[in-house]
Amino acid sequence: MSEVATGAGDAAPASGLTATLRHARYIIGENPVTGFAFSLFTLIVIMAALGPLVAPYDPLASNTSVALKPPSAAHWFGTDQLGRDVLSRVIVATRLDFTIAVCSVALVFLMGGLAGVAAGFFGGWTDRIVSRVADTIMAFPLFVLAMGIVAALGNTVTNIVIATAIVNFPLYARVARAEANVRREAGFVQAARLSGNGEYRILLGHILPNIMPIMIVQMSLTMGYAILNAAGLSFIGLGVRPPTPEWGIMVAEGSAFMVSGEWWIAFFPGAALMVAVFCFNLLGDGLRDIVDPQRRT
Amino acid sequence: MLRLVLKRLAVALPSLVGVVIVTFLLTRALPGDPAAYFAGPAATREAIDEIRSKLGLDQPLPAQFLRYVADLARGDFGISLTTGQPVATEIRTRLPASAELTLLGLMVSMSIAVPLGILAATRPGSIVDHTCRVVATTGVSLPVFFLGLILVYIFYYLLGLAPAPLGRLDIYYSSPPQVTGFYLIDAAIAGDGEVFRASFKQLVLPALTLGIFSLAPIARMTRASMLAVLASDFVRTARANGLTPFTVIITYAFRNAMLPVVTTLGMVFSFLLGANVLVEKVFAWPGIGSYAVEALIASDFAPVQGFVLTMAVMYVSLNLAIDILYGLIDPRVRIEA
């Protein structure tokens, strides 16, 4: 460490990094389940990043001579009706599913998080409008509303991301609103106001950073729901088009073969989906326990 | 009590107005020209113009909205492009299939989750408690369509216990004379034991799928609220007075612990109604969910809109019913109102 930290400019980021690492080690050490979930998460990120590079076969190449083969040494997860390697398709699909979930969570964080913080901080009309919008969205069964939005906006992957973000809006808006509301008259806010900061500056520079830990837990908790929602939409035939490998649509393609005994076509993408959602939920629970121990269940 | 009902209605009304506004906006958000869309691909310029004035699309947005509300008030949900049938009739004939499945699913999950939650709360740290936690975490992670397929594979393909996942009744049977639209009840009314058994067999797997899926929040909530109630003073007093554990848990604690569980039912219904669509697709169930899915694939918007509206209205009414039920169970809520 001492060799690295020769200049004053280098010292700050290095100590920041070690602090982050120490904190991460503490989080993982605190609860072995969270540690497990975290390593699973790393695996998913690696799969999403490397995808086509680690897949043993081309996910789109069909080879009818090996169609509908059960799992074997050559094809670990078996092959589908066109002889495509299920393992390769499951691996390559990770990137698309992960991207859909990350994008929709990021989008809803921007929309719901900012709207909620503003509602909780300013109160009044901002609060009334944001709360009314959230209530209206909550008046729908969420998956049904997502179907309606995709049907109206058009049947594309982008619209699946938008629909998933919209149905999650109330969750984010409410959490952000409650957290901002508690802090609107806090000491640090009054200090910031006294030193001449404008309201928007206080909102973005002081309130928002303070509620970030809770929002990050929220993002981790809704990530699993986002993946489930997106996969459900593509299972009923929305968004992703058939040859593209994606977990939901792969389960849909394999469902016809479930009744004739070729279980592996639907099973492996479904299991991958389940493991991913499970991982995000465990990670979210673990993070919540650390950030907010009172809500531990 | 009447005041409570009126107060809850006043809360539900803005939700309904919001639902109607959102579904209206969704129609206007359709890509391209709605008139050209409703006229179909082979329409001429004149036909499109005619449809535009017929649909009132040449009028300002508020006027269009009034017209839309008036249509809805008359029970007119529009015409399906693919079948040429009015959407409202189609939804009305298919609704009982979905309702029967959803209600049975809810019954399955309640009858497993509530005892599980109570057992877990009375024996913290025991095997039952751990099972409850694992079930709760797994339940929320399971993609419901995947769970349905697994059950089909095990019980239909491997064990041969369940019938093929193809709708409400095997083709060898004809549906019972319609009274309620619920095959189980209709068959029982007609006294037809064979049809009753056949439709029950078809229902078991999809209802079980929905039940397992919605089990998690109920079990979790029952456990948490039982734990809180068991730690309270009146339970300690009851125990100190020498009441049997059974009386303490069932008569004293359980009745108080059920209140938060009833509140969670609102969220459970949101899950159930959404999951219903996916389960209907897996089991080829002829309900409103599969109707909407077929329409979605064919880009036929009127049925989808009718479906979203029906589901939302049902969901708002269910929440209203839960609120009123809450008032019936808990006298304190009535006094506050």
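The expected span of a helix is 1.5 Å times one less than its number of residues. Helix α2 of chain A, residues 32–50, makes a good place to apply that rule: with 19 residues, α2(A) reaches 27 Å from its first C-alpha to its last, close to the 27 Å expected. Please keep in mind as you read that this is a predicted model. Here is a tour of α2(A), of chain B, of the contact between the two chains, and of a few individual residues.

**Helix α2 of chain A**

- Four residues of α2(A) are buried, namely T34(A), A37(A), M47(A) and A48(A).
- These buried residues lie on the same side of α2(A), because they cover an arc of only 135° around the axis.
- The other side of α2(A) has exposed residues: P32(A), S39(A), T42(A), I46(A) and A49(A).
- As background for reading such patterns, an α-helix has 3.6 residues a turn, so residues three or four places apart point the same way.
- Just after α2(A) comes G51(A), which has a positive phi near 30°.

**Where chain A meets chain B**

- The contact brings together 38 residues of chain A and 42 residues of chain B.
- On the chain A side, at least two residues each come from α4 (124–138), α5 (142–153), α8 (199–235), α9 (247–258) and α10 (264–291).
- Among these helices, α5(A) gives the most to the side of chain A that touches chain B, supplying 10 residues.
- Sorted by class, that side of chain A has 26 nonpolar residues, 11 polar ones and one charged.

**Chain B as a whole**

- Chain B has 14 helices and zero strands.
- The C-alpha atoms of chain B fill a box of roughly 85 × 55 × 40 Å along the principal axes.
- Chain B has 337 residues, and 39% of them count as buried.
- Looking at contacts in chain B between residues at least 6 apart in sequence, 70% join residues at least 24 apart.

**Helices of chain B**

- Helix α5 (residues 87–122) and helix α9 (residues 193–230) of chain B have axes that come within 5 Å and cross at roughly 35°.
- The crossing of α5(B) and α9(B) is right-handed.
- Residues in the contact of α5(B) with α9(B) divide into 23 nonpolar, seven polar and one charged.
- Helix α7 of chain B, residues 144–158, has 15 residues and reaches 20 Å from its first C-alpha to its last, close to the 21 Å expected at 1.5 Å a residue.
- Buried residues in α7(B) include V144(B), F145(B), F146(B), L147(B) and G148(B), and L149(B), L151(B), V152(B) and Y153(B) are buried in α7(B) too.
- After α7(B) comes G160(B), with a positive phi near 65°.
- Helix α10 of chain B, residues 233–240, is hardly covered, and the count of buried residues among its eight residues is zero.
- α10(B) is followed by G242(B), where phi is positive and near 85°.

**Helices α7 and α8 of chain A**

- The axes of α7(A), residues 187–194, and α8(A) come within 11 Å and cross at roughly 145°.
- This crossing of α7(A) and α8(A) is right-handed.
- From α7(A), the residues F188(A), V189(A), A192(A) and R193(A) meet I202(A), H206(A) and I207(A) in α8(A).
- By class, the contact of α7(A) with α8(A) has five nonpolar residues, one polar and one charged.

**Two residues to look up**

- S104(A) is found in helix α3 of chain A, residues 86–122.
- S104(A) counts as buried because it has 26 C-beta neighbours inside 10 Å, and the cut-off for buried is 20 or more.
- Leaving out residues up to four places away in sequence, S104(A) touches V161(A), T164(A), A165(A) and A226(A).
- S104(A) and Q218(A) are 114 residues apart along the chain, and their C-alpha atoms are separated by 13 Å.
- A284(B) sits in the loop between α11 (245–282) and α12 (288–297) of chain B.
- Phi of A284(B) is near 50°, a positive value in a residue other than glycine.
- With 13 C-beta neighbours inside 10 Å, A284(B) counts as partly exposed.

Methods
Residues numbered from 1 in each chain as written. Chains lettered and ligands numbered in written order. Predicted model: local features only at pLDDT ≥ 70, side-chain atom pairs only at ≥ 80, totals over all residues. Buried ≥ 20, exposed ≤ 12 C-beta atoms within 10 Å, placed from the backbone. Arc of directions from axis to C-beta. Axes fitted to C-alpha atoms, helices over the stretch in contact; angles between N-to-C directions. Left-handed = near helix turned anticlockwise from the far one by under 90°. Nonpolar A, V, L, I, M, F, W, Y, C, P; charged D, E, K, R; others polar. Contact = placed C-beta atoms within 7 Å.
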